[in-house]
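Trainee: I have a chain to look at and plenty to ask. Can we go through it step by step?

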Amino acid sequence: MVATPGDGDPFFDAVRLLLLLEVAATEPESRTLEVVPAGAVGVVRGQMLLQKLDFWLRYPDYLADELLTEYERSGEAVLLDIAAEILDSDEPELRQIPMLRYKFGAYEPLDMPMSVLSVAGLAVVRWSRTEQRVRHYDYYLTAQGRATARSCVADFPELAWYGERTRLVVALAQGTGMTGTALGKRQYLQRDYAGTGLNEEIASIAKRARRRLHVLRAAEVSAS
């Protein structure tokens, strides 16, 4: 079997994060006292934002449940169809990569996979700090990183799923507000997520999401 991102190897975590950076990064704009790294073509500002995006990528059931919420708000049938595509398959079971709940929600150390990307010249991590701690991280995607991400999806069919899902995750995030704080607040609306103890693994909500899908489908049939 061909290994895919999330198999417990920092290399595969790095590939997943690279694909996420390629889709989520916005054009870097120099700010006061900021020097954009040479060759940078995009940036994701803030570790919290990257962690929250990665959570939806790693938990397809939570992603599908959020799509159902969007469907209830907008009535756009395509959202129900995409959620159904996820929940009618074994994707939530096969694709889940567990994360722990930390003080600010889902969390996993990024040092090792980002080091893999940095050493390869695919990304650059910049941070600011106080005397006590690191205060803020910026994750820059390089031109080489962008080219590598795109070639990975094109050349390796087993990575096509990640290419598709990263676009879906980022589209959902953009509708919420593309900040770690906004996504964190939204994810904490999920009772299972919010009720997870500190340093405990966030559990799947696939069964609940599938029940919700069934109810919404029945309502759609009744209304037609």
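Mentor: Start with a term. Helices and strands here are DSSP runs, with at least four residues for a helix and at least two for a strand, numbered from the N terminus. Keep in mind that this is a predicted model.

Trainee: How many helices and strands are there in the chain?

Mentor: Count the runs of each kind. The strands number five. The helices number 11.

Trainee: Why is the chain as compact as a globular protein of that length?

Mentor: Compare two values. For 224 residues, the globule rule gives 17 Å. The chain is close to that, so it is as compact as a globular protein of that length: its radius of gyration is 18 Å.

Trainee: What share of the residues counts as buried?

Mentor: The cut-off matters here. Buried means under 20% relative accessible area. Of the 224 residues in the chain, the buried share is 45%.

Trainee: Which share of the accessible surface belongs to carbon and sulfur atoms?

Mentor: Take the total to begin with. The accessible surface of the chain is about 11600 Å². The share of carbon and sulfur atoms in that surface is 55%.

Trainee: Now to single residues. Where is Asn199 found?

Mentor: Look at the elements on either side. One is α10, residues 191-194, and the other is α11, residues 206-223. Asn199 is found in the loop between α10 and α11.

Trainee: Is Asn199 buried or exposed?

Mentor: Use the cut-off again. Exposed means over 50% relative accessible area. Asn199 has 52%, so it counts as exposed.

Trainee: What is phi of Asn199 near?

Mentor: Most residues other than glycine have a negative phi. Asn199 is a residue other than glycine, yet its phi is positive. The value is near 65°.

Trainee: Which residues is Asn199 in contact with, leaving aside neighbours within four places in sequence?

Mentor: Contact means heavy atoms within 4.5 Å. With those neighbours set aside, the partners of Asn199 are Leu100, Arg101 and Tyr102.

Trainee: Thr196 lies in the loop between α10 and α11. Is Thr196 buried or exposed?

Mentor: Check its relative accessibility, which is 8%. That value is under the 20% limit for buried residues. Thr196 therefore counts as buried.

Trainee: How far apart in space are Thr196 and Leu100?

Mentor: Along the sequence, 96 residues separate Thr196 and Leu100. In space, go from C-alpha to C-alpha. The distance between Thr196 and Leu100 is 8.7 Å.

Trainee: Which residue has its backbone oxygen 2.8 Å from a polar atom of the side chain of Thr196?

Mentor: Follow the side chain of Thr196 to its polar atom. At 2.8 Å from that atom lies the backbone oxygen of Asp192.

Trainee: Where is the place of Gln51, and which residues is Gln51 in contact with?

Mentor: Gln51 sits in helix α2, residues 47-58. Its relative accessible area is 3%, so Gln51 is buried. Leaving aside neighbours within four places in sequence, the contacts of Gln51 are Met99, Ala106, Tyr107, Glu108 and Leu110.

Trainee: Last one. Which residues does Thr69 touch, not counting residues up to four places away in sequence?

Mentor: Thr69 belongs to helix α3, residues 60-74. Thr69 is buried, at 18% relative accessible area. Not counting those sequence neighbours, Thr69 touches Arg186 and Arg212.

Technical notes. Residues are numbered from 1 along each chain as its sequence is written. This is a predicted model: local features need pLDDT of at least 70, side-chain atom pairs count only at pLDDT 80 or more; totals for chains, interfaces and linings use all residues. Side-chain values use heavy atoms; hydrogens and water are left out. The radius of gyration is taken over C-alpha atoms; the globule rule is 2.2 Å times the number of residues to the power 0.38. Buried means under 20% relative accessible area, exposed over 50%, partly exposed in between (1.4 Å probe, protein chains only). Accessible areas come from the Shrake-Rupley method with a 1.4 Å probe; for residues, only the protein chains shown count as cover. A polar contact is a pair of N or O atoms within 3.5 Å; within protein, one must be able to donate a hydrogen and the other to accept it, and residues adjacent in sequence count only if both atoms are side-chain atoms.
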